[in-house]
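Student: Please take a close look at one sheet and what packs on it. Then carry on to whatever surrounds it.

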Protein chains: 2
Amino acid sequence: MSKDSPNADSRAKNVTTPALPNNARQRRSSDQVTLSQVAQAAGVSPITASRALNYPDKVSDSARRSVLQAVENLGYVPNLVAGSLASARSRLIAVIVPSLINSVFVEVIKGLQETLEAEGYQILLGNTDYDLDREYQLVRTFLGWSCSALVTAGLRHNSACHTLLANWDHPIMEVMELGQGMDLNVGLDHVAAGRCMATHLIDQGYRHIVYVGARLAQDYRASMRFDGHKAVLKEKGIDAPLLELDTLGSLQAGAEGLAQVLAQYPHTQAIHFANDDLAVGALLAAQRQGLNVPEDIAIAGFNGLPLGQHVTPQLTTILSPREEMGRLAAKELIRRLGGKNVYRRQHDVGFTLQIGGST
Amino acid sequence: MSKDSPNADSRAKNVTTPALPNNARQRRSSDQVTLSQVAQAAGVSPITASRALNYPDKVSDSARRSVLQAVENLGYVPNLVAGSLASARSRLIAVIVPSLINSVFVEVIKGLQETLEAEGYQILLGNTDYDLDREYQLVRTFLGWSCSALVTAGLRHNSACHTLLANWDHPIMEVMELGQGMDLNVGLDHVAAGRCMATHLIDQGYRHIVYVGARLAQDYRASMRFDGHKAVLKEKGIDAPLLELDTLGSLQAGAEGLAQVLAQYPHTQAIHFANDDLAVGALLAAQRQGLNVPEDIAIAGFNGLPLGQHVTPQLTTILSPREEMGRLAAKELIRRLGGKNVYRRQHDVGFTLQIGGST
DNA sequence: CGCTGTCATGATAGCGCTACCATTTGTTTT
DNA sequence: AAAACAAATGGTAGCGCTATCATGACAGCG
């Protein structure tokens, strides 16, 4: 709007040394209410106003009241960027996930978010699309925001990312899978989950079992489950064929997976899908084709999505506590950020075999 | 780690005036590589280093090369907080949604995210849990981060929030519903969507139609659809009963909704559900009870989730372009942030009636 | 009555970066 | 050849806040 007449100075005595500080530099105005203005209105110093807002019990009642009143009157909105720069703390938590399509990650985010937001932290969200180089870029950016902590899905990172994180002195939380991480870790044992389901299928009497996954190079946790699955079958002397789909996991992909399995392995008795989306897609497709589940073909999934519990027959699956994982990760981070000791760096959230009518 | 011997100064001549600037103030060290160090290593001034990174074509090739080399060698990570404070720009986009459980919002976020991240923007995510006061708090926080723009779901805000946003001079994007917003708006007409489905149901010959929604005071867009639905039925002289569930929309809630409708309105021929989760839950529950869909009871939903397209019979629903909505919103924001004119502030993404076998 | 300790407050000096202007150098114009 | 201009670079001064230290006021203590 109106920038107060800049001639006020130019009319002043001409100075020979141009470096003198009395030339009126134009600066972005930003006409925003600042803490100093609040302090002035409240009749205290800026630093007291700052304390009144950030450490309310470090100032007297009267000072606190008049500052809060001034904040109200002036409509002051704290500049968190300036505050973060000055204090080198930001109350931002970086959250990096490989996908937002897969509802699994969204549920983890949900758990994180509800717990962190209650403590006044904000989530800075990044999506790698299963690309570790992209992850590195995101980490770099997020470190630049001096995040208070970083949450990332998985234990695998590229070497640049690893170096960057190793030298970072804030909490790092790796979620989803269990293992030796960089710092904190909350997850479950995917190999064991694969073993668990394979064991169940064998117990049910199935011998011709195909594992179907989608993009296993990316979704390496699904391939860890396959490892567990394969190990069990091998112990029993059973062959463990793998069918890898090139599309991302979805109901549609599950239907295609079923078709391919039936074409390539006609004797198949059971299909162990890498996740529930695929499994339900296959189950519904099987029914559309007039196949009986589990008599003609048994189907198992992974995750325990609500969807699988509502189809008939109910889907046999492994329930992973996703929101719980997010909540626990958030709690551990908060504990750490509060300066508390961590008793355990690794937390196994476990999983539950949920036997439905589909196997 | 090692803070260079602080006695260097204390050994110096004792000064009588303690306010002299040569007393060695301890300051947080933060031992991080700064742009000045990069500049020094590259043999240029800090400001040139800054330009080399932010406006590469404003510096000479040689300067740019040596700066980039120094960045690489020193492992420099730009401090975005400092940069944002100095420039009053942040490349952060605040995104506020009412829920993360409802996959609809997640898909919008997905669309926003993929488009914004490609342009170098980061998403700051907030969840209101359908609470407008919470929305106000989040907006306040996000303004404090000097976000480049703000995206929020819906056109309704409390008055404090409205005031805050009205005085904010950055783009504001309201998504999901169409209407007179504060600034930019991308959405669809929910009343029209409700009309559309009601018309379809009547065309199919149904006369006893119940609308079932969950928490309509919160999910007011669902109640706008009911308004459209009711208007159509009223025009035909048909009664339009409403059943409101107290739980959030889910497959489980849909099953309960079906039970309640059958109990309260035994003559019901068709149920118009507020969303697909409810509708599919009801559809699957009906089948478990041996009811035929649509002969015994017709079922319709809203959203066009993949799920509804994979059940048998296929769910009649209204397809809303959710990711598309996010992408379009992001594109419009980017256009605006790039200083381009906006031709239209309102964008109708429309909807599609998808007729399945369930009606 | 001085000494020490706590409490509330303030003065000062940055946090690391970029906007603003000024300067230098090289290139074009008349 | 002087003037006019553009391109590249640098000096300075903040952005708005908070960490650090200093100070004054007042209580408790021997």
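Tutor: Start with one pair of residues: Val212(A) stands opposite Leu243(A), which sits in β7(A). Keep in mind that this is a predicted model. The pair belongs to a longer match, since β6(A), residues 209–214, and β7(A) run parallel and are joined by four bridges. Now widen the view. These strands are part of an open sheet in chain A, four strands in the order β7-β6-β8-β9, with parallel pairing. At its edges are β7 (242–245) and β9 (298–300) of chain A, and each of them pairs on one side only. The twist is easy to state: neighbouring strands are turned by 20 degrees against each other on average, direction ignored. Helix α9(A), residues 190–203, packs on this sheet. The strands touched by α9(A) are β6, β8 (270–273) and β9 of chain A, and its direction makes about 165 degrees with that of β8(A). A second helix, α10(A), residues 220–235, lies across β6, β7 and β8 of chain A. Against β6(A), α10(A) runs at about 170 degrees.

Chain B has a sheet to set beside this. What is its strand order? It is an open sheet of four strands in chain B, ordered β7-β6-β8-β9, with parallel pairing. Why is one side of β7 (242–245) and of β9 (298–300) in chain B left without a neighbour in the sheet? Both stand at the edges with a single partner strand each, so there is nothing in the sheet on the other side. On average, neighbouring strands here are turned by 20 degrees against each other, again ignoring direction. Inside the sheet, β6(B), residues 209–214, pairs with β8(B), residues 270–273, in the parallel sense over four bridges. One residue match to look for is Tyr211(B), whose bridge partner in β8(B) is His272(B). Helix α10(B), residues 220–235, lies across β6, β7 and β8 of chain B and runs at about 170 degrees to β6(B). Helix α12(B), residues 276–288, also packs on the sheet and touches β6, β7, β8 and β9 of chain B. The direction of α12(B) makes about 155 degrees with that of β9(B).

Follow chain B on from α12(B). The loop between α12 and β9 of chain B holds Pro294(B). The peptide bond from Val293(B) to Pro294(B) is cis, with omega near 10 degrees. Another cis bond runs from Thr312(B) to Pro313(B), with omega near -5 degrees. Pro313(B) lies in the loop between α13 (306–310) and β10 (317–319) of chain B. Most peptide bonds are trans, and most residues other than glycine have a negative phi. Chain A has a residue to check on the phi side: Met176(A), in strand β4(A), residues 172–177, has a positive phi near 90 degrees.

Next, the contact between the chains. It takes 45 residues from chain A and 45 residues from chain B. The buried area is about 4300 Å², with carbon and sulfur atoms giving 65%. On the chain A side, Val81(A), Trp145(A) and His310(A) lose the most area to chain B, together 17% of what that side buries. Strands meet across the interface too: β2(A) and β2(B), residues 122–127 of chain B, run antiparallel and are joined by three bridges. There, Leu125(A) stands opposite Ile123(B).

What about charges? Two salt bridges are counted between the chains. In one, the side chains of Arg134(A) and Glu117(B) meet at 2.8 Å, N to O. Polar contacts across the interface come to twelve residue pairs, both residues at pLDDT 80 or more. Among the elements of chain A that each supply at least two residues to the side touching chain B are α5 (80–87), α6 (103–118) and α7 (132–144). The most comes from α7(A), with seven residues. By type, that side of chain A divides into 26 nonpolar, 13 polar and six charged residues.

Over all chains, the whole structure has 26 salt bridges. Within chain A, Glu107(A) and Arg322(A) form one at 3.2 Å, N to O. This pair links distant parts of the chain: α6(A) holds Glu107(A), and α14(A), residues 322–337, holds Arg322(A), 215 residues apart.

Key
Residues are numbered from 1 along each chain as its sequence is written. Chains are lettered from A and ligands numbered from 1 in the order in which they are written. This is a predicted model: local features need pLDDT of at least 70, side-chain atom pairs count only at pLDDT 80 or more; totals for chains, interfaces and linings use all residues. Side-chain values use heavy atoms; hydrogens and water are left out. Contact means heavy atoms within 4.5 Å. Buried area is the accessible area (1.4 Å probe) that two parts lose on being put together, summed over both. A salt bridge is a side-chain nitrogen of Lys or Arg within 4 Å of a carboxyl oxygen of Asp or Glu. A polar contact is a pair of N or O atoms within 3.5 Å; within protein, one must be able to donate a hydrogen and the other to accept it, and residues adjacent in sequence count only if both atoms are side-chain atoms. Ala, Val, Leu, Ile, Met, Phe, Trp, Tyr, Cys and Pro count as nonpolar, Asp, Glu, Lys and Arg as charged, and the others, Gly among them, as polar. Two strands pair if DSSP finds at least two bridges between them. Axes are lines fitted to C-alpha atoms, for helices over the stretch in contact, and angles run from 0 to 180 degrees between N-to-C directions.
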